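Please examine the structure displayed below together with its sequence. The paragraphs that follow explain how selected parts of it are arranged.

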Amino acid sequence: MPDLGQGSRGRVAPLVLQCASRRRLHVAGDTDAYEGSREAVRDFVGGHHDDVVVFTRNTTDSTNLLAHALPPDTEVIAFAAEHHANLLPWRRRHLTLLPLPASADDALGRLEQALSRAAPGRTRLVAVTGASNVTGEIWPYPEMARLAHQHGARIMLDAAQLAPHRRIDMVTDGIDYLALSGHKLYAPFGAGALIGSGDWLGTGEPFLAGGGAVRYVGTDTVLWADLPDRQEAGSPNVIGAVALGAACRTLQAADRDSIEAYQTRLAAQAREQLVAVPGIEVYRLWPADHPRIAVLPFALHGVPYARLAAVLSAEFGIGVRHGCFCAHPLMTALLLIDVDHEARIRHDLARGLPTAIPGAVRASAGIGTTAADYEKLIAAVTDIAVRGPRWTYTSTADGTDCRPTPDPRRRPQLSFELARIAAATATRTRTGTTGTNAATSRTTS
């Protein structure tokens with residue numbers, strides 16, 4: 001896989017010195033690359049020819065933008081299994097939250113019931129993930145789109161986790177809106193996109209007001225620009241957008257079918273091997289034979305999840321995600337946390353009390369993951385299960401972060417001071433010298 005971010009930066013960064021205005025970049029090549037990236041993103045997801053592509057920071061930014069643009073009194077229908085990015089923005093509207101479904105068929109049944117109960121003539125939007133970022137299970141979004149349209153509703157697909165692993169065709173699948181994040185697609189952090197119909201996005205005031213989103217501003221009046229400029233106020237993230245477009249073009253040109261088959265086979269084998277490790281529990285919402293992407297959420301009995309992630313990183317050089325993966329309602333269900341326990345967690349957190357927050361570990365595969373990588377993961381987890389950690393570790397009071405103490409690993413020598421300040425602050429925080437021991441490491445979901 002080529003280094004998309006670096007390659008794009010090498011071509012574009014020298015050109016982006018400053019912007020004289022929002023749409024008159026100094027070098028015409030920058031504008032061509034920026035606007036061309038819209039076409040690349042639209043093509044990658046199989047969008048309609050007239051779909052608007054708005055560049056955002058990420059999927060969270062995209063869903064918040066769409067939530068702001070919804071017609072008044074719109075009802076949003078979503079499931080409790082969603083990532084926070086596809087859950088919290090809709091709470092600002094009228095949200096009908098459906099419970100966790102026991103299967104894909106159950107999800108379709110519950111959705112049809114919700115759509116059938118809606119008031120006639122009311123604007124409705126179904127918001128659903130393409131693939132769970134926690135369990136990897138692929139949701140039946142084409143069927144959900146058909147149900148939505150049969151009842152006069154639209155559908156928004158959170159494709160952040162799906163897009164790197166499966167082909168998407170918005171036209172064929174009936175998707176009205178789609179959100180994705182560049183960092184999931186091997187592009188840099190801070191670039192994403194919202195793709196979809198322009199009627200909602202081009203009505204009313206934009207999500208962000210400012211330069212570039214306007215045609216003319218008077219002392220007490222404003223003429224908003226047309227789409228997509230209307231929803232892209234401020235100086236554009238040219239490097240991020242172009243890198244995202246380059247990533248989409250590269251993935252689109254790859255043999256996606258072979259990659260999908262390879263990833264699916266390796267992940268299924270790894271899942272079988274992981275389940276056989278003593279003390280391991282692999283989490284899933286739906287039956288084991290349901291289609292899923294290469295995501296493995298698991299826990300090891302007797303080893304806190306943050307410590308398990310720390311040991312895998314420090315002693316075996318394996319990077320995993322740990323925590324609740326920005327999907328607390330889903331994780332509390334998978335971890336069998338009852339209502340009383342959840343209430344105690346919320347109560348203590350709200351009062352700033354040291355509280356152990358439940359969680360798990362998630363191993364995710366990418367386009368470069370090999371059978372040897374999976375073998376190393378299984379061997380490492382087995383070693384930890386049988387022999388335990390070899391190093392000494394210190395955890396934060398809430399259990400969300402854990403580091404070797406002392407940490408013999410040498411950090412890379414960076415040329416700027418801020419990195420050294422951050423490292424020193426993190427060390428003081430973990431040892432309690434700053435007056436708190438509840439620091440957490442911030443990772444992407």
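In this predicted model, Arg390 has a relative accessibility of 44% and therefore counts as partly exposed. Arg390 forms a salt bridge with Asp383, and the closest N and O atoms of the two are 2.5 Å apart. Asp383, in contrast, counts as buried because its relative accessibility is 17%, and the limit for a buried residue is under 20%. This salt bridge thus joins a buried residue to a partly exposed one.

Salt bridges are found elsewhere in the model as well, and the count comes to 15. In general, side chains of opposite charge can pair when their charged atoms come close. One of the salt bridges is formed by Asp73 and Arg122, with the closest N and O atoms 3.1 Å apart. Asp73 lies in the loop between helix H3 (59–69) and S4, while Arg122 lies in the loop between H4 and S6, so the pair ties together parts that are 49 residues apart in sequence. With a relative accessibility of 54%, Asp73 counts as exposed; Arg122, at 22%, counts as partly exposed. Asp407 and Arg409 also meet through their side chains in a salt bridge, at 2.9 Å from N to O. Both partners are partly exposed, Asp407 with a relative accessible area of 31% and Arg409 with one of 35%. In addition, a network of salt bridges links Glu35, Arg38 and Glu232.

Helix H4, which precedes the loop of Arg122, comprises the 14 residues 104–117. At 1.5 Å a residue, H4 should span 20 Å, and its end C-alpha atoms are indeed 20 Å apart, which agrees. The buried residues in H4 are Ala104, Ala107, Leu108, Leu111, Ala114 and Leu115. They cover an arc of only 130 degrees around the axis, which puts them on the same side of H4. The general geometry of the α-helix is relevant here: with 3.6 residues a turn, residues three or four places apart point the same way. On the other side of H4, Asp105 and Arg117 are exposed. The buried residues of H4 pack against strands S4 (75–79), S5 (94–98) and S6 (124–129), and also against helix H5 (141–150).

Strand S3 (residues 52–56) shows another kind of burial. Five of its five residues are buried, so S3 is largely enclosed by the rest of the structure. Val52, Val54 and Thr56 point one way from the strand, whereas Val53 and Phe55 point the other way, and all are buried. S3 pairs with strand S9 (residues 192–196) in the antiparallel sense over five bridges. Within that pairing, Val52 has Gly196 of S9 as its bridge partner.

A loop residue can be buried too. His165, in the loop between strand S7 (154–158) and helix H6 (170–173), counts as buried because its relative accessibility is 7%. Apart from residues up to four places away in sequence, His165 touches Arg256, Glu260, Gln263, Ile293 and Ala365.

These details belong to a protein chain whose secondary structure comes to 14 helices and 17 strands. Of the 445 residues in the chain, 49% are buried. Among contacts with a separation of 6 or more, 68% are between residues 24 or more positions apart. The chain exposes about 20900 Å², and carbon and sulfur atoms supply 53% of that area.

Note on methods: Residues are numbered from 1 along each chain as its sequence is written. This is a predicted model: local features need pLDDT of at least 70, side-chain atom pairs count only at pLDDT 80 or more; totals for chains, interfaces and linings use all residues. Side-chain values use heavy atoms; hydrogens and water are left out. Helices (H or I, at least four residues) and strands (E, at least two) are DSSP runs, numbered from the N terminus. The expected span of a helix is 1.5 Å times one less than its number of residues. Buried means under 20% relative accessible area, exposed over 50%, partly exposed in between (1.4 Å probe, protein chains only). The arc is that of the directions from the helix axis to the C-beta atoms. Contact means heavy atoms within 4.5 Å. Accessible areas come from the Shrake-Rupley method with a 1.4 Å probe; for residues, only the protein chains shown count as cover. Two strands pair if DSSP finds at least two bridges between them. A salt bridge is a side-chain nitrogen of Lys or Arg within 4 Å of a carboxyl oxygen of Asp or Glu.
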